[in-house]
Amino acid sequence: MTRRTRPRPGDLYAALTAAALVGAAVLVGRRLQDTRHTLFVNWPPVLATWDPHLGPGTPAALLLAAAVAAYGPALAGRLPWRALLAAAWGAATAWIFSLALIDGWQRGIAGRLTTTGEYLQETDRFRDIPGTLRDFTHHILLHSPDNWTAHVAGHPPGATLTFVLLDRIGLRGGGWAGVWCVLTGATACLAVLVAVRALAGEHLARRAAPFLVLAPAAVWLGTSADGYFAAVAGWAVALLALAVTARTAGRSAGCAAASGLLFGLTCYLSYGLTLMAVLGAAVLVLGRHRVRERPVLAAALLAGLAVVPAAFALAGFDWWEAYRLLAVRYRQGVGGVRPYGYWVWANLACAVLLTGLATAAGLRRTAAVLLRRRDGVRLALLVAAALTALLAADLSGMSKAETERIWLPFALWLLPACAFLGLPRDAASAGTAETPVRAWLAAQAVLALLVNHLLLTGW
């Protein structure tokens, strides 16, 4: 019979510290915004406005949260692996949609990507795609003629081209664009599960599954293009994990080539996602003892990686020049005014809102696993790599504010740290359930529900 015990004090302290960080970011941010007006967000540290409300998605969100918290851990342990992946994608999709619909269809989904500064404002300018790509860098700077809107200028053209291609096949408008981002973004949790299973074992992947489904990040996965970016980047990492653990050289090469292709695409969706190379490097290190045909894998990976950059280069788009101009435009706009001294730590409060208090406790466990070389060290190293990439983005100063959406591709890889919650201290206590996992899941859901019901988020 399983014996329940109290949560470890250290886990609670970690969660309380994370909550205090958010509270400090709110209080200090409100003070700075009211007195200096330099943050350019209405409800710091997130881009949102105070707007308590209910919506058509409220009942479904409440029911889903209760169901996943109550039955998610047991189902994750019992379902066959493929059935678990299907269930996780379905539940994650429903969770994202229900949260978005708290704001209603138009305000929560269909109108998100049509507002000023968003991608759909510029799709009509891509009638001649090769010509537009050749001319793309001439419109990045704020004072250039016909300068691009903020999001188009702030990303490589692969991001906008996605919505241009959706338009070309008849899926026009904000509704289809929003649905695309939700459906693809929800697959990011599957990518993380596949990678964790391949690198760290199925047991830990199953334990992480409910936390990936019920992630507070779902608030910004619906609807933000960065959710789609997170899925592309996530599958690049997952396919690389499959490549380094494949049993046959052919399968390894195939997965490596597909991974390289997606890594290349990732770099043409967002400049900052070049930091996903940190996770890629971690996967290669974790799989170095399992790869039988290393030259074949390396060749396939590099071949895949070259495809997207080569295509854009042949079309006339210069990635490095575009990034240089973007850095100038960033300083020309609000990025040059927002204070680094506030955002360098307030961004981390945004990360807490993305990943939840359970992840803060899970990261404490991750550190303990790394320091003491306990079971699960492979998962801990993967999580540590994601945290390293996120901190590098933070310190760069190119992510001052709006990181609740920008950091989605990194934040989702922190959530598997929650797999360490509830694990026994040692073999002697293997029959106990030390930390109430359901309570941690409930805390994750409550955070997402509070954010989406009390604030009108900008993404």
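Start by selecting leucine 454, which sits in helix H22. This is a predicted model. Leucine 454 counts as partly exposed because its relative accessibility is 30%. Now add Trp50, Val446 and Leu450: with Leu454 they make a nonpolar surface patch of about 380 Å². Color helix H22, residues 437–454, and you have the source of the largest share of that patch, 3 residues.

Next, go inside. Show the largest nonpolar core, which has 159 residues. Pick out Trp95, Leu99, Tyr119, Phe163, Trp220, Met276 and Trp413; these touch the most other members. Then highlight helix H12, residues 225–245, which gives the most to this core with 14 residues.

Stay with tryptophan 220. What does it touch, leaving aside residues up to four places away in sequence? Its contacts are Val46, Leu353, Leu354, Glu404, Leu408, Val451, Thr457 and Trp459.

Move to aspartate 11. Arginine 364 forms a salt bridge with aspartate 11, with the closest N and O atoms 2.9 Å apart. The pair links distant parts of the chain: arginine 364 lies in helix H18 (residues 357–372) and aspartate 11 in helix H1 (residues 9–35), 353 residues apart. Is aspartate 11 buried or exposed? Aspartate 11 counts as buried, because its relative accessibility is 0%. Arginine 364, at 29%, counts as partly exposed.

Now select arginine 365. Its side chain meets that of aspartate 11 in a salt bridge, 2.7 Å from N to O. This pair also links distant parts of the chain, helix H1 to helix H18, across 354 residues. Both aspartate 11 and arginine 365 are buried.

For a salt bridge within one helix, select glutamate 321 and arginine 324; their side chains meet at 2.8 Å, N to O. They are 3 residues apart in helix H16 (residues 319–332), so about one helical turn separates them. Glutamate 321 is partly exposed at 27% relative accessibility, and arginine 324 is partly exposed at 45%. Then show Asp226, Arg338, Glu402 and Arg405, which salt bridges with shared partners join into one network. The structure holds 12 salt bridges.

Turn to the cysteines. The disulfide count is 0. Cysteine 181 is in none; its nearest cysteine sulfur, on cysteine 189, is 16 Å away. For cysteine 267, also in no disulfide, the nearest is that of cysteine 181, at 19 Å. Cysteine 181 counts as buried, at 0% relative accessibility.

Finish at arginine 251, found in helix H13 (residues 249–267). Arginine 251 counts as exposed, at 51% relative accessibility. Measure from its C-alpha to that of leucine 297: they are 9.6 Å apart in space and 46 residues apart in sequence.

Notes:
Residues numbered from 1 in each chain as written. Predicted model: local features only at pLDDT ≥ 70, side-chain atom pairs only at ≥ 80, totals over all residues. Heavy atoms only, no water. Core = buried A, V, L, I, M, F, W, Y, C linked by side-chain atoms within 4.5 Å. Buried < 20%, exposed > 50% of the residue type's maximum accessible area, 1.4 Å probe, protein only. Helix = DSSP H or I, 4+ residues; strand = E, 2+ residues; numbered from the N terminus. Contact = heavy atoms within 4.5 Å. Patch = residues over 30% accessible without salt bridge, like charges linked within 9 Å, V, L, I, M, F, W, Y side chains within 5 Å. Areas by Shrake-Rupley, 256 points an atom, 1.4 Å probe, with all protein chains shown as cover. Salt bridge = Lys/Arg side-chain N within 4 Å of Asp/Glu carboxyl O. Disulfide = S-S within 2.5 Å.
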